[in-house]
Amino acid sequence: MKLMKDDAFITKMKAKYPTLLANLPNSTDAKYVLEGYLFPATYNIHDDTTVESLAEEMLSTMDTHLSPYYATILSSNHNVNEILTLASLVEKEEQLMMTVKTLLAFSIIVLIQTWPCKVISRFFMFLENLVKKRP
């Protein structure tokens with residue numbers, strides 16, 4: 001994690017990936033400046049792999065994946081940092097919704113096994129009315 005705060009490494013990576021890293025947050029605004037810029041994938045680790053070479057490979061992969069979209073991002077009056085931040089928020093929201101759906105499914109199974117049919121029927125009518133009222 002020390003590398004993620006290393007100004008020399010970050011400066012070197014900014015020179016190598018100028019479009020990707022043009023709007024990195026300052027170290028005073030972010031705990032780990034490169035957080036969100038390291039592409040999540042499976043990487044091969046060899047005996048000669050260093051933390052620096054792995055981080056550079058992850059940045060290179062992110063740059064490769066985002067390159068086709070740079071022109072669109074820049075013409076949208078947003079920058080890469082804003083788009084990655086938004087993507088992160090959407091991902092967290094999706095994870096929360098999946099958790100809610102899982103808990104709801106589990107609750108329904110428990111209800112079906114423990115409540116009388118008449119009560120379950122009314123409960124589902126209540127849920128259906130809630131869904132219809134959603135904007």
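Which residues are exposed on the other side of α1? In this predicted model, the residues in question are D7, A8, T11 and A15, and they are best described together with the buried residues of the helix and with the overall make-up of the protein.

The secondary structure of the protein consists of five helices and zero strands, and, when read along the sequence, it follows the pattern α-α-α-α-α. Of the 135 residues of the protein, 24% count as buried, while about 10,300 Å² is exposed, with carbon and sulfur atoms supplying 61% of that area. Among the contacts in the protein with a separation of 6 or more, 51% are accounted for by residues 24 or more positions apart.

Helix α1 spans residues 7-16, and within this helix F9, I10 and M13 are buried. These residues lie on the same side of α1, because they cover an arc of only 95 degrees around the axis. The cover over the buried residues of α1 includes α2. At the start of α1, a side-chain oxygen of D6 comes to within 2.9 Å of the backbone nitrogen of A8.

Helix α2, formed by residues 51-66, has 16 residues and reaches 23 Å from its first C-alpha to its last, which is close to the 22 Å expected at 1.5 Å a residue. Its buried residues are A55, E56, M58, L59, T61, M62, D63 and L66. T61, which is placed in this helix, has a relative accessibility of 18% and therefore counts as buried, since buried means under 20% relative accessible area. When residues up to four places away in sequence are not counted, T61 touches F39 and Y43.

Two salt bridges are present in the structure. In one of them, K12 pairs with E52, with the closest N and O atoms 3.0 Å apart; this pair links distant parts of the chain, as K12 belongs to helix α1 and E52 to helix α2, 40 residues apart. K12 counts as partly exposed at 44% relative accessibility, and E52 is likewise partly exposed, with a relative accessible area of 31%. A salt bridge is also formed between E56 and K16, for which the closest N and O atoms are 2.3 Å apart, and this pair too links distant parts of the chain, with E56 in helix α2 and K16 in helix α1, 40 residues apart. Within this pair, E56 is buried, with a relative accessible area of 16%, whereas K16 counts as partly exposed at 48% relative accessibility.

Methods. Residues numbered from 1 in each chain as written. Predicted model: local features only at pLDDT ≥ 70, side-chain atom pairs only at ≥ 80, totals over all residues. Heavy atoms only, no water. Helix = DSSP H or I, 4+ residues; strand = E, 2+ residues; numbered from the N terminus. Buried < 20%, exposed > 50% of the residue type's maximum accessible area, 1.4 Å probe, protein only. Contact = heavy atoms within 4.5 Å. Areas by Shrake-Rupley, 256 points an atom, 1.4 Å probe, with all protein chains shown as cover. Arc of directions from axis to C-beta. Polar contact = N/O pair within 3.5 Å; in protein donor to acceptor, adjacent residues only side chain to side chain. Expected span 1.5 Å × (residues − 1). Salt bridge = Lys/Arg side-chain N within 4 Å of Asp/Glu carboxyl O.
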